[in-house]
Amino acid sequence: MRLAVTERFARRYRDLPESLQTRVDTQLELLLQNPRHPSLRTKKMKGTAGIWELRVTEGYRLTFEIREDLYLLRNVGTHDILRNP
């Protein structure tokens, strides 16, 4: 699998503190190695078609779509940001 990012993801990632960026990077490495890794808590988002979320920290998540051999990273932030983009 490969990673690609939307403009929104890139913008929100850049706005994160460096410690959270590092945590996002770690979780993305895990996603590429094993999408079912327990620390990711990967699940489909309710009320959406084909959008998944994974846990970055207790308060932060990122969302993505799976397109053939690609994870398209859509958004990253708190629950409030993800629910009200």
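## Talking through a predicted fold

Trainee: How much of the protein counts as buried?

Mentor: Of its 85 residues, 35% count as buried. Keep in mind that this is a predicted model.

Trainee: Okay, and what is the pattern along the sequence?

Mentor: It reads β-α-α-β-β-β-β-α. That gives three helices and five strands.

Trainee: What makes the protein as compact as a globular protein of that length?

Mentor: Set the two values side by side. The radius of gyration is 12 Å, and the globule rule gives 12 Å for 85 residues; the two are close, so the protein is as compact as a globular protein of that length. The C-alpha trace spans about 30 × 25 × 25 Å along the principal axes.

Trainee: What share of the contacts joins residues 24 or more positions apart?

Mentor: Counting contacts with a separation of 6 or more, 40% come from such residues.

Trainee: Let's get to the sheet. In what order do the strands sit?

Mentor: The order is 1-5-4-3-2, in an open sheet with mixed pairing.

Trainee: Why do strand 1 and strand 2 stand at the edges?

Mentor: Strand 1 (2-5) and strand 2 (43-44) each have a single partner strand, so one side of each is left without a neighbour in the sheet.

Trainee: How do you know that the pairing is mixed?

Mentor: Look at strand 5 (residues 70-78). With strand 1 it pairs in the parallel sense over four bridges, but with strand 4 it pairs in the antiparallel sense over eight bridges. For a residue-level view, Val5 stands opposite Leu73 in strand 5, while Tyr60 has Thr78 of strand 5 as its bridge partner.

Trainee: How do you know that strand 3 and strand 4 count as paired?

Mentor: A pair needs at least two bridges. Strand 3 (residues 51-55) and strand 4 (residues 60-67) have five bridges, in the antiparallel sense. Arg55, for instance, has Arg61 in strand 4 as its bridge partner.

Trainee: What lies between strand 4 and strand 5?

Mentor: Two residues, and the two strands form a hairpin. Glu68 in the turn has a positive phi of about 50 degrees.

Trainee: Why is strand 5 called mostly covered?

Mentor: Count its residues: seven of the nine are buried.

Trainee: Why is Leu40 called buried?

Mentor: The cut-off for buried is under 20% relative accessible area. Leu40 has 0%, so Leu40 is buried.

Trainee: Where does Leu40 lie, and which residues is it in contact with?

Mentor: Leu40 lies in the loop between helix 2 and strand 2. Leaving aside neighbours within four places in sequence, its contacts are Gln27, Leu30, Leu31, Asn34, Pro35, Leu54 and Arg55. Arg55 is 15 residues away along the chain, yet the C-alpha atoms of Leu40 and Arg55 are separated by 5.0 Å.

Trainee: Now Leu32. Why does it count as partly exposed?

Mentor: Buried is under 20% and exposed is over 50%, with partly exposed in between. Leu32 has 39% relative accessibility, so it counts as partly exposed. You'll find Leu32 in helix 2 (residues 18-33).

Trainee: Which residues make the nonpolar surface patch?

Mentor: Met1, Leu3, Leu32 and Ile66 make it, and the patch is about 340 Å². A patch residue needs over 30% relative accessible area, and Leu32, at 39%, clears that mark.

Trainee: And how much accessible surface does the protein have?

Mentor: About 5500 Å², of which 47% belongs to carbon and sulfur atoms.

Notes:
Residues are numbered from 1 along each chain as its sequence is written. This is a predicted model: local features need pLDDT of at least 70, side-chain atom pairs count only at pLDDT 80 or more; totals for chains, interfaces and linings use all residues. Side-chain values use heavy atoms; hydrogens and water are left out. Patches are made of residues with over 30% relative accessible area and no salt bridge: like charges are joined within 9 Å, nonpolar side chains (Val, Leu, Ile, Met, Phe, Trp, Tyr) within 5 Å. Accessible areas come from the Shrake-Rupley method with a 1.4 Å probe; for residues, only the protein chains shown count as cover. A salt bridge is a side-chain nitrogen of Lys or Arg within 4 Å of a carboxyl oxygen of Asp or Glu. Buried means under 20% relative accessible area, exposed over 50%, partly exposed in between (1.4 Å probe, protein chains only). The radius of gyration is taken over C-alpha atoms; the globule rule is 2.2 Å times the number of residues to the power 0.38. Contact means heavy atoms within 4.5 Å.
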